[in-house]
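Please examine the sequence and the three-dimensional structure shown below. The paragraphs after them are meant to be read with the structure in view.

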Amino acid sequence: MKVIVIGGSGYVGRNIALHISADKVAYYSRSKNDELEKAGMEWIQGDILNAEKVMESVKDYDMVVDAAGIDTESDQKFFDVNVNGVKNIVAALEKYDTDQRLVYLSSINVHYGTTEFFRTKRTGEDNAALVKNHLNVRPSVVFGNGDKFTEKLFKLTGERVSRLPSGGSISPVHVEDLVRVIERAKDLRGAVDVCSRDKITFAEAINLAFEKAGKGQKRIVEGKFGYKSAVDGLKNTNVFTSEEVDKYLLNFYRENTYLDRFVKEPISFREYLKNYTIS
């Protein structure tokens, strides 16, 4: 099997390229990635908005993984990548009509979130579904070596934070476990949710980082009293963007997660933080 990862320079895309089992793996990105270059990955330079280059680049691959634009971007960037970019990939696969598989990286809460990120991801899923052999993969918070989420948790320990807002479980999934799901769901079509059974809230994740850093835990505001000020306090640190704070206060846990189906012993976020080396 030959795989091309669109957006391979990003965190998730890079890890998919590094860890997926395939006879050949290439990544399509505007910029070269040093880690992928050292691993001998073929770099195809290009922009997802360049329809002609996308069509030319995906032609000879059995699986196209679209991992572009899943990190924090501007609203216009979300629209460009998740709407126009996906349309370019779909147009190419429909033209060749050789049953190439499209894996689109979406997000849990894609049908509940109200930000431009979620809105454009919904449209991206609708467009990806035009390809018969498609799979929309909806991960929860993704962590692993070098992830920005964990890095920001520990950066937050250097800020003045007094209280934390309660919220739904973020149920983090390790990036290599996510790759295993993509591999082993090869016969599935439609959409799959991927989250851990580790029901940990955003506030609890922050407290684990504070504890690891030896700074003690912060009080979690459970009710309405003081909740807004706790949310504003997090946003005012500018470690997590305002949109990220709102996103991570949603509930990411799904009972029907495909992580258990395809990964026997998922990597625990709690254990990962215990062994994390603070830079």
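The following text proceeds from the sheet to the helices, then to the nonpolar cores and the aromatic residues.

The structure is a predicted model. Its description may begin with an open sheet of seven strands, paired in parallel and arranged in the order β3-β2-β1-β4-β5-β6-β10. Two strands form the edges, β3 (residues 42-45) and β10 (residues 190-194), and each of them pairs on one side only. On average, neighbouring strands of this sheet are turned by 20 degrees against each other, direction ignored.

Strand β4 offers a convenient place from which to view the sheet. In the strand order, β4 stands between β1 and β5. On one side, β1 (residues 2-6) pairs with β4 in the parallel sense over four bridges. Within that pairing, Ile6 has Asp66 of β4 as its bridge partner. On the other side, four bridges connect β4 (residues 63-66) with β5 (residues 101-105), and these two strands also run parallel. Here Asp66 has Tyr104 of β5 as its bridge partner, while Val65 stands opposite Val103 of β5. Asp66 is thus named in a bridge to Ile6 and in a bridge to Tyr104. The strand is covered on both faces: Met63 and Val65 are buried on one side, and Val64 and Asp66 are buried on the other.

From β5 the chain may be followed towards helix α5. The loop between β5 and α5 contains Thr115. With a relative accessible area of 27%, Thr115 is partly exposed. Thr115 is separated from Ile6 by 109 residues in sequence and, C-alpha to C-alpha, by 23 Å in space. Helix α5 itself (residues 116-128) lies across β5 and β6 (residues 134-139), and runs at about 170 degrees to β5. Asn127 belongs to this helix. Its relative accessibility is 11%, so Asn127 counts as buried. Apart from neighbours within four places in sequence, Asn127 is in contact with Val83, Val86, Lys87 and Val90.

Two further helices deserve attention for their burial. Helix α1 (residues 11-19) is mostly covered, since seven of its nine residues are buried. The buried members of α1 are Tyr11, Val12, Gly13, Arg14, Asn15, Ile16 and Ala17. In helix α7, eight of the ten residues are buried, so this helix is largely enclosed by the rest of the structure. The buried residues of α7 include the charged-type names Asp177, Arg180 and Glu183 alongside Val175, Leu178, Val179, Val181 and Ile182.

The nonpolar interior can be considered next. The largest nonpolar core has 33 residues, and the members that touch the most others are Ile16, Leu105, Val137 and Ile182. Helix α7 (residues 175-184) gives the most to this core, contributing five residues. A second core is separate and contains 31 residues, among them Leu234, Val239, Val245 and Tyr272.

Tyr272 leads from the second core to the aromatic residues. Across the whole structure, a search finds 15 aromatic pairs. In one of them, Phe143 and Tyr272 are tilted, with 5.0 Å from centre to centre and 55 degrees between the planes. Phe143 lies in strand β7 (residues 142-143) and Tyr272 in helix α12 (residues 269-274), so the pair ties together parts that are 129 residues apart in sequence. Both partners are buried: Phe143 has a relative accessible area of 0%, and Tyr272 has one of 16%. The two residues also belong to one aromatic cluster, which is formed by Phe143, Phe149, Phe154, Phe202, Phe240, Tyr248, Phe269, Tyr272 and Tyr276.

Aromatic rings also take part in two arrangements with lysine side chains. The charged end of Lys199 sits over the ring of Tyr253, at 4.3 Å from its centre. Lys247 lies over the face of Phe117, likewise at 4.3 Å from the ring centre.

How values were computed: Residues are numbered from 1 along each chain as its sequence is written. This is a predicted model: local features need pLDDT of at least 70, side-chain atom pairs count only at pLDDT 80 or more; totals for chains, interfaces and linings use all residues. Side-chain values use heavy atoms; hydrogens and water are left out. Two strands pair if DSSP finds at least two bridges between them. Axes are lines fitted to C-alpha atoms, for helices over the stretch in contact, and angles run from 0 to 180 degrees between N-to-C directions. Contact means heavy atoms within 4.5 Å. Rings of Phe, Tyr and Trp (its six-membered ring) pair if their centres lie within 6.5 Å; planes under 30 degrees apart count as stacked, over 60 as edge-to-face and the rest as tilted. Buried means under 20% relative accessible area, exposed over 50%, partly exposed in between (1.4 Å probe, protein chains only). A charge sits over a ring if NZ of Lys or CZ of Arg is within 6 Å of the ring centre and within 35 degrees of the ring normal. A nonpolar core is a set of buried Ala, Val, Leu, Ile, Met, Phe, Trp, Tyr and Cys residues joined through side-chain atoms within 4.5 Å.
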